[in-house]
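Grab a coffee and open the viewer. Here is a short set of exercises, each with a solution worked out step by step.

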Amino acid sequence: MAWSVLSPLLTLLVMKMVFTQFFGRTTPHYTTYLFCGNLIFSCFNESTGQGMTSLMSNAGIFTKVNVPKYLFLLSKNVQTLINFGLTLCVFFLFCILDGITFTWKFVLLLYPVACLVLFNIGVGLILSALFVFFRDIQYLWSVFTMLLMYMSAIFYTIDGYSYNVQCLFLLNPIYLFIRYFRKIVIEATIPTIWFHLLMTADVIIVVGIGCWMYKKYNARFLYYV
């Protein structure tokens, strides 16, 4: 439990030391700004990384006992959610130290958290199904997550980009979750209804694809584990 909290905090410390001089001079509440991005991305990275191998690591169970295979993935996400909750408590403590004013709008953070959990489950369903057939996907995923980290504006702002480029960032679901947190916590504003609908659409699409893959290849999993 200690390491589940220390890991994102150490990452935050490294990022703050490295990027404060480059991006933090003109960004208000930069520590909180950085923590928002690191908090969301760490949850996504941990959940999908563990979820990808959830089927293979439990092959000895479902090849002998007829149990729903998605339960192994859900157990990983419950573990990640507990770690996320512990880190979220530390995040609120940092907000107090950073002079953030708490408002009733903080209750709305439940929405992006719920969307993030469902999104992680959907991505986990897709990755765990693909991992059964293509074991090399774990190496490709590690490269992709690194690219995704740099494309999620965790340690920099997108204000300097053109309007069209800023719109492209909205195609990244992880950036949407991070942006939602920042608008509520730092800017004390509620995102637009279109922002909510876009997040919901991303979750529905990913979860839908994941459930379809599990339903279609459920019987074939036994022949590849």
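The exercises below go through cysteines, core, cavity, pocket and a few single residues of this predicted model.

**Exercise 1. Work out how many disulfides there are, and why Cys43 is not in one.**

Step 1: Start with the cut-off, which asks for two cysteine sulfur atoms within 2.5 Å.
Step 2: Look from the sulfur of Cys43 to the closest cysteine sulfur. That one belongs to Cys115 and sits 13 Å away, so it is too far for a bond.
Step 3: Do the count for the structure, and you end up with 0 disulfides.
Step 4: While you're looking at cysteines, check their surroundings. Cys43 is buried, at 6% relative accessible area, whereas Cys167 is partly exposed, at 29%.

**Exercise 2. Find the largest nonpolar core and say which helix gives the most to it.**

Step 1: Collect the members; the largest nonpolar core comes to 66 residues.
Step 2: Pick out those with the most contacts inside this core: Phe44, Phe84, Phe91, Ile174, Phe177 and Phe181.
Step 3: Ask which helix contributes most. That's α6, residues 110-133, with 12 residues in the core.
Step 4: Zoom in on one of the well-connected residues, Phe91. Skipping residues up to four places away in sequence, Phe91 touches Thr32, Phe35, Cys36, Leu39, Phe181 and Val185.

**Exercise 3. Describe the largest cavity: its volume, its lining and the elements behind that lining.**

Step 1: Count first. There is 1 cavity of 30 Å³ or more.
Step 2: Get the volume, which is about 40 Å³ for the largest cavity.
Step 3: List the lining: Cys43, Ser47, Asn77, Thr80, Leu81, Val117 and Asn120.
Step 4: Trace these back to elements. Those giving two or more residues are α2 (30-52), α5 (70-97) and α6, and α5 has the largest share with 3 residues.
Step 5: Sort by class, and you find 3 nonpolar and 4 polar residues, with no charged ones. Cys43, the buried cysteine from the first exercise, turns up here as part of the lining.

**Exercise 4. Now do the largest pocket: how big is its volume, and what lines it?**

Step 1: The volume is about 510 Å³.
Step 2: The lining runs to 22 residues, and the closest to the pocket's centre are Ile158, Asp159, Tyr175, Arg179 and Glu187.
Step 3: Two or more lining residues come from each of α8 and α9; the largest share, 4 residues, belongs to α9.
Step 4: By class, the lining splits into 12 nonpolar, 5 polar and 5 charged residues.

**Exercise 5. Take Gly37 and Ser128, and for each one say whether it is buried or exposed and what lies around it.**

Step 1: Gly37 is in helix α2. With a relative accessible area of 0%, Gly37 is buried.
Step 2: Set aside the neighbours within four places in sequence, and Gly37 contacts Ile154, Ile178 and Arg182.
Step 3: Try a long-range pair. Gly37 and Arg179 are 142 residues apart in sequence, yet their C-alpha atoms are 8.2 Å apart. You met Arg179 among the residues closest to the centre of the largest pocket.
Step 4: Move to Ser128, in helix α6. Ser128 is buried too, because its relative accessible area of 0% is under 20%.
Step 5: The C-alpha atoms of Ser128 and Thr53 are 5.8 Å apart, although 75 residues separate the two along the chain.
Step 6: Beyond its neighbours within four places in sequence, Ser128 contacts Gly51, Met52, Ser54, Leu55 and Tyr214.

**Exercise 6. Check phi for Ala153 and Ala188, then place both residues.**

Step 1: Phi of Ala153 is near 55°, which is positive in a residue that isn't glycine. Ala188 also has phi near 55°.
Step 2: Locate them. Ala153 is in the loop between α7 (137-150) and α8 (163-169), and Ala188 is in the loop between α9 (173-185) and α10.
Step 3: Compare accessibility. Ala153 is buried, at 0%, while Ala188 is partly exposed, at 29%.

**Exercise 7. Say where His196 sits and what it touches.**

Step 1: His196 belongs to helix α10, residues 193-217.
Step 2: At 15% relative accessible area, His196 is buried, since the limit is under 20%.
Step 3: Leave out neighbours within four places in sequence, and the contacts of His196 are Tyr111, Tyr180, Ile190 and Pro191.

Technical notes. Residues are numbered from 1 along each chain as its sequence is written. This is a predicted model: local features need pLDDT of at least 70, side-chain atom pairs count only at pLDDT 80 or more; totals for chains, interfaces and linings use all residues. Side-chain values use heavy atoms; hydrogens and water are left out. Buried means under 20% relative accessible area, exposed over 50%, partly exposed in between (1.4 Å probe, protein chains only). A nonpolar core is a set of buried Ala, Val, Leu, Ile, Met, Phe, Trp, Tyr and Cys residues joined through side-chain atoms within 4.5 Å. Contact means heavy atoms within 4.5 Å. On a 1 Å grid over the protein atoms alone, a cavity is a set of points where a 1.4 Å probe fits but cannot get out, and a pocket is an open set with protein on both sides within 12 Å along at least five of seven lines; lining residues have an atom within 4 Å of a point. Grid points are joined across faces, edges and corners, and a volume is the space filled by probe spheres set on the points. Ala, Val, Leu, Ile, Met, Phe, Trp, Tyr, Cys and Pro count as nonpolar, Asp, Glu, Lys and Arg as charged, and the others, Gly among them, as polar.
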